[in-house]
Amino acid sequence: MSRRYLEILEFTQFFDHFVFTPNKENALEKELKREIPVSVGIELVVVDMSRNVDFIG
């Protein structure tokens, strides 16, 4: 069985929001962000049924 991820859609959603990031003193700083990168994908699972003759399910 092998697995791969396939990205089917990528876009940027524009939305004002705050994020908190640690600074050098380990204190959190509030920062305004204006966009969110979005990536949509699927996981492909490939099974070689010719090698798994006893496989049920």
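Entry 1: the loop. Strands here are DSSP runs of E, at least two residues long, numbered from the N terminus. I'm working on a predicted model, so I read it as such. With that definition in hand, I placed Asn 26 in the loop between β1 and β2. Its backbone caught my eye: phi at Asn 26 is positive, about 60 degrees, although the residue is not a glycine. Buried or exposed, I wondered about Asn 26? It is exposed, because its relative accessible area comes to 69%, and the cut-off for that class is over 50%.

Entry 2: Asn 23. I stayed in the loop and looked up Asn 23, which sits between β1 (2–22) and β2 (28–46). Which backbone atom does the side chain of Asn 23 reach? I found the backbone nitrogen of Glu 25, at 3.1 Å. The side chain of Asn 23 also has a polar contact with the side chain of Glu 29, at 3.0 Å. I noted both partners under Asn 23: the backbone of Glu 25 and the side chain of Glu 29.

Entry 3: salt bridges. How many salt bridges does the structure hold? I got two. As background, side chains of opposite charge can pair when their charged atoms come close. One bridge joins Arg 34 and Asp 16, with N to O at 3.2 Å. Arg 34 belongs to β2 and Asp 16 to β1, so this pair ties together parts that lie 18 residues apart in sequence. I checked the cover on Asp 16 too: the residue counts as partly exposed because its relative accessible area is 47%.

The other bridge I wrote down is Lys 33 with Glu 31, where the closest N and O atoms are 3.7 Å apart. Lys 33 is partly exposed at 33% relative accessible area, and Glu 31 falls in that class with 35%. For my own reasoning I kept the limits at hand: partly exposed runs between 20% and 50%.

Entry 4: rings. How many aromatic pairs are there? Zero, so says the count under the 6.5 Å centre-to-centre limit. I did find a charge over a ring, though: Lys 30 lies over the face of Phe 18, at 4.7 Å from the ring centre.

Entry 5: His 17. I went along β1 to His 17, which lies in that strand. Buried or exposed, was my query for His 17? His 17 is buried, because its relative accessible area is 18% and the limit is under 20%. Its side chain reaches the backbone oxygen of Phe 15 at 3.0 Å.

Entry 6: contacts far along the chain. Phe 15 came up again when I looked at Ile 36: their C-alpha atoms are separated by 6.9 Å, while the two residues are 21 apart along the chain. Ile 36 is in β2 and is partly exposed, with 32% relative accessible area. I then took Glu 43, also in β2. Which distance separates Glu 43 from Arg 4 in space? I have 5.8 Å, C-alpha to C-alpha, across 39 residues of sequence. Glu 43 counts as partly exposed at 37% relative accessibility.

Entry 7: the nonpolar patch. Which residues make the nonpolar surface patch? My list reads Leu 6, Ile 8, Leu 9, Phe 11, Val 40 and Ile 42, and the patch covers about 470 Å². The elements that give two or more residues to it are β1 and β2. β1 gives the most, with four residues. I picked Leu 6 for a closer look; this residue lies in strand β1. Leu 6 counts as partly exposed because its relative accessibility is 39%, which clears the patch requirement of over 30%.

Technical notes: Residues are numbered from 1 along each chain as its sequence is written. This is a predicted model: local features need pLDDT of at least 70, side-chain atom pairs count only at pLDDT 80 or more; totals for chains, interfaces and linings use all residues. Side-chain values use heavy atoms; hydrogens and water are left out. Rings of Phe, Tyr and Trp (its six-membered ring) pair if their centres lie within 6.5 Å; planes under 30 degrees apart count as stacked, over 60 as edge-to-face and the rest as tilted. A charge sits over a ring if NZ of Lys or CZ of Arg is within 6 Å of the ring centre and within 35 degrees of the ring normal. A polar contact is a pair of N or O atoms within 3.5 Å; within protein, one must be able to donate a hydrogen and the other to accept it, and residues adjacent in sequence count only if both atoms are side-chain atoms. Patches are made of residues with over 30% relative accessible area and no salt bridge: like charges are joined within 9 Å, nonpolar side chains (Val, Leu, Ile, Met, Phe, Trp, Tyr) within 5 Å. Accessible areas come from the Shrake-Rupley method with a 1.4 Å probe; for residues, only the protein chains shown count as cover. A salt bridge is a side-chain nitrogen of Lys or Arg within 4 Å of a carboxyl oxygen of Asp or Glu. Buried means under 20% relative accessible area, exposed over 50%, partly exposed in between (1.4 Å probe, protein chains only).
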